[in-house]
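Trainee: I'm new to this one and would like to know how the descriptive terms are earned. Can we go through them together?

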There are 2 protein chains.
Amino acid sequence: MASPSVSDAFEQPFFPDEPAGPIMRTEIPGPQSKKAIAHLDKVFETRSLNMMANYQNSFGNYIADLDGNVLLDVYAQIASIPVGYSNPSLLLAATSPDMASAIINRPALGNFPQHDWAEILETGILRVAPKGLDQVFTAQAGSDANELAYKAAFMWKRRQQRGGPDVDFTQEEITSAMNNQAPGAPDMSILSFKTGFHGRLFGSLSTTRSKPIHKLDIPAFDWPQASFPALKYPLEEHAEENAREEQRCLEETEKILTTFHSPPAAIIVEPIQSEGGDNHATPAFFKGLRALTRKHDVLMIVDEVQTGVGATGKFWAHEHWNMEDPPDMVTFSKKAQTAGYYFGNPDLRPNKPYRQFNTWMGDPARALLFRAIINEIERLNLVQNTAETGDYLYNRLQELGEKYPGEIQNLRGKGQGTFIAWDSPRRDEVLKKAKGVGINVGGSGERAVRLRPMLIFQKKHADIFVDGMEKVFQS
Amino acid sequence: MASPSVSDAFEQPFFPDEPAGPIMRTEIPGPQSKKAIAHLDKVFETRSLNMMANYQNSFGNYIADLDGNVLLDVYAQIASIPVGYSNPSLLLAATSPDMASAIINRPALGNFPQHDWAEILETGILRVAPKGLDQVFTAQAGSDANELAYKAAFMWKRRQQRGGPDVDFTQEEITSAMNNQAPGAPDMSILSFKTGFHGRLFGSLSTTRSKPIHKLDIPAFDWPQASFPALKYPLEEHAEENAREEQRCLEETEKILTTFHSPPAAIIVEPIQSEGGDNHATPAFFKGLRALTRKHDVLMIVDEVQTGVGATGKFWAHEHWNMEDPPDMVTFSKKAQTAGYYFGNPDLRPNKPYRQFNTWMGDPARALLFRAIINEIERLNLVQNTAETGDYLYNRLQELGEKYPGEIQNLRGKGQGTFIAWDSPRRDEVLKKAKGVGINVGGSGERAVRLRPMLIFQKKHADIFVDGMEKVFQS
């Protein structure tokens, strides 16, 4: 089904064994998949099921199902597969003696860290730490990474209010904390942005504002939200209007920071709002946030759970901002295949042990895997590949959008690697029909088609994707 | 250092290669460990560090450090190692092709489950599902397992209040939920017990009541707590008084269920309060809770994160209660090396997809490992071993307590496998000195010594432990 293109000839394939293009044998789900889904439904949630996969048969950018269908995957397990299915370098790491020991001898890292934990961090997670941040607290998923960062922020702020690390808790604080009441359990907040997404546990969900279905019926903290800029596209034609919009959002943020009844200890923001509809803002907006957080002495947490690890053509999306003053904490997960938050300021370590603690505190097995991912990204120069492929893909989509202006609206993500999206008036139909032409693609927000290919996505894959989309639009 | 005992002769060793006893070469931490700890401290939290370990050198019940010391481990990574360090059966599972694929091709299980996920669940996690519970929602750690159970409880209760699964959300609910306000984000609660522990994320921490250090400076939901029975020991001598105490706690629970300003959707309780000091209650108390939750139509969540998977001499600790009406949800993690909650009632599946959802929704690699753990437990009959070793260990400790009544107070856990604890007037000193005689043991609550050996703990290990304790008491 792939349409050979001029771009193919110049590329060295990263995955020589990968299929030349999608292979479609049945409708999706086909008969084998239907049977397996009915079976799974008896014991596990399947109503959100998109496609049942056979990962042993999936290679590189291609995901296989149970009926012999093989699809080009530009969704990649909700943006969480970094370097291809069945990647041989990761397979080596996954079958190493170190990995085996990490799997079967999982330590409680806060109490009994393994002898090489510092080295695993330094040669892996910390080697790619954002500029200015040289420490890490490891976690298991984006949600708990964000919540741990929130906890660090609250402890930092209360310590500051208390007068430093050596001022001890009062008896009133101790008693009230055990009773879930202020001052021990303080009436403080995390400021997040409208249409932002930061997870689904109780604290993180209180900062998530993307869709009601995530939040309905779940008790939430009375925490504040500021407007996130609603930029108009094409950006070149709306520069002044967009700058005013960003200014408006900054002013709203400052107002909340100074007047909200439950004072924020930190703001959290995504470089690109990734579940809420692929909403972008300019570096000026984020620099403005950094200035506001400095001015009002609250922390700035950048949530790179979906944007991090190369997808925007930089290792971390916030590098696009060229900020001299780094964020206080940066959270990560998904493509890292592990999770946690980076920080630099030693004051963000709590003043006593066991305040930021849990049994496992991350997972050395997953830290070893992230190290292998980092090595593979460097070996194949995949961040640069993603920047270049992204430019190529964006241009081809722009051309396609000129041909089908009713189908591709507000194309966005220029210069942001393959982190590209557009609005579609018939989004869910487009996503569904894409499967029919051998493409697995997802949505975000109410009407965006979001592209989240892996870092091994090349121009030939971009061609297959764009040609497939054209077939969908023609149908 | 092991003192050979008569009990050895009758036992088939589960781990033929494990050391005959502890090997102590240096103080702990020794010189190599000190260097490594100083190194780690630059990049990772070490103030809660108990001992740095080399897991490749650790076998069976014995944990090795970096200085040639090898300790009998009755703490087992905070009760989370089930069948011994470097267990060969787990090693086989960890190096299988299925495991390698699970590690490198991690799926978003809610959208793109793997073809054999139902089978992995049925032959593993669900094969040991508590009686009456035939479904599971998988998670990553105890904290998020509990929070997912809370979310299920809130959705269930609101659906009931709303009038069934087909009654849709009102516009007011949708709007208010996005604003973190009732009725969309309802003013409802989870009832937990004083000195209970259920995790450290924002929702779970709001139900945790064990120690102020866990809770200070962290905002919490205004949720209620009931007293947990404070039983007097020996139980035989205080039966009537203890029954009154349990009745008092049940009455307090009922009062909260009927009058608390933020109505509970569920109660959560540990079969043995495991972080809060190894506090036990009788089956009558738990049956009373089940009756109360039925009477007032709230759910009963049993937190088996620490008690589950064999340690009490039953696979699940709540089996000791012989309840005909099972709990609504049972959460698990730690020795399962994965996490989640079991449930039976199909009404606990939310009425729409994406309400209970996250990117990974568990981890097939860890589910495969739990399956191997279950197989190993069955192959070696380890639940029965733990019941028998526990009885032997309890009796030996009782004798030791008669000899050193000032050292062993309120010995508890009789008939509860190796889930044994006692109060110690100089607990922290005892834990520290135990290292000197080659024993790694932990505490719980303010003054309990808690035993959390693995399921492969045998009588010969019990002898080494008891003899070691006697040396500590003599010192």
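Mentor: Let's start with the interface. In this predicted model, chain A and chain B bury about 11200 Å² between them, and 59% of that area is on carbon and sulfur atoms.

Trainee: Why is an area used to describe an interface?

Mentor: The size of an interface is often given as the accessible area lost when the parts come together. Here that loss is summed over both parts, so the figure of about 11200 Å² covers chain A and chain B together.

Trainee: Which three residues of chain A supply more of its buried area than any other three?

Mentor: They are A:F44, A:F112 and A:D217, with 8% of the area that chain A buries against chain B. As for contacts, 124 residues of chain A touch 123 residues of chain B, where a contact means heavy atoms within 4.5 Å.

Trainee: On to helices. What makes helix 10 and helix 11 of chain B roughly parallel?

Mentor: Helix 10 (residues 239-259) and helix 11 (residues 283-295) of chain B pack at an angle of about 20 degrees, their axes 10 Å apart. Angles under 35 degrees count as roughly parallel, and therefore this pair of chain B helices gets that name. The crossing of helix 10 of chain B past helix 11 of chain B is right-handed.

Trainee: Which residues of helix 10 of chain B meet helix 11 of chain B?

Mentor: On the helix 10 side of chain B you'll find B:E246, B:C249, B:L250, B:T253, B:E254 and B:L257. Facing them from helix 11 of chain B are B:A284, B:F285, B:G288, B:L289, B:L292 and B:K295. By class, that contact has 7 nonpolar, 2 polar and 3 charged residues.

Trainee: How do you know how helix 10 and helix 11 of chain A are oriented?

Mentor: Use the angle again: helix 10 (residues 239-259) and helix 11 (residues 283-295) of chain A pack at about 20 degrees, with axes 10 Å apart. That value falls under the 35-degree limit, so helix 10 of chain A is roughly parallel to helix 11 of chain A. Helix 10 of chain A also passes helix 11 of chain A in a right-handed crossing. Their contact includes A:L250 and A:L257 in helix 10 of chain A, and A:F285 and A:L292 in helix 11 of chain A. Its residues divide into 7 nonpolar, 2 polar and 3 charged.

Trainee: And why is helix 4 of chain B called roughly antiparallel to helix 12 of chain B?

Mentor: The axes of helix 4 (residues 97-104) and helix 12 (residues 364-379) of chain B come within 8 Å and cross at roughly 150 degrees. Over 145 degrees counts as roughly antiparallel, so the term fits helix 4 and helix 12 of chain B. In this contact, B:D98, B:M99, B:A102 and B:I103 of helix 4 meet B:P364, B:A365, B:L368 and B:L369 of helix 12. That set divides into 7 nonpolar, no polar and 1 charged.

Trainee: Now sheets. What makes strand 13 and strand 16 of chain B edge strands?

Mentor: The open sheet in chain B has 4 strands in the order 13-14-17-16, with antiparallel pairing. Strand 13 (409-412) and strand 16 (442-444) of chain B each have a single partner strand, so one side of each is left without a neighbour in the sheet. Neighbouring strands of this sheet are turned by 25 degrees against each other on average, direction ignored.

Trainee: How do you know that strand 13 and strand 14 of chain B count as paired?

Mentor: Two strands pair if at least two bridges are found between them. Strand 13 and strand 14 (residues 421-423) of chain B have 2 bridges, so they qualify, in the antiparallel sense. Within this pair, B:R412 stands opposite B:A421.

Trainee: Which peptide bond involving A:P183 is cis?

Mentor: The one from A:A182 to A:P183, with omega near 5 degrees. A:P183 lies in the loop between helix 7 (171-178) and strand 5 (189-193) of chain A. In chain B, a cis bond joins B:Y233 and B:P234, with omega about -10 degrees.

Methods: Residues are numbered from 1 along each chain as its sequence is written. Chains are lettered from A and ligands numbered from 1 in the order in which they are written. This is a predicted model: local features need pLDDT of at least 70, side-chain atom pairs count only at pLDDT 80 or more; totals for chains, interfaces and linings use all residues. Side-chain values use heavy atoms; hydrogens and water are left out. Axes are lines fitted to C-alpha atoms, for helices over the stretch in contact, and angles run from 0 to 180 degrees between N-to-C directions. Angles under 35 degrees count as roughly parallel, over 145 as roughly antiparallel, 65 to 115 as roughly perpendicular and the rest as oblique. A crossing is left-handed if the near helix is turned anticlockwise from the far one by less than a right angle, and right-handed if clockwise. Ala, Val, Leu, Ile, Met, Phe, Trp, Tyr, Cys and Pro count as nonpolar, Asp, Glu, Lys and Arg as charged, and the others, Gly among them, as polar. Buried area is the accessible area (1.4 Å probe) that two parts lose on being put together, summed over both.
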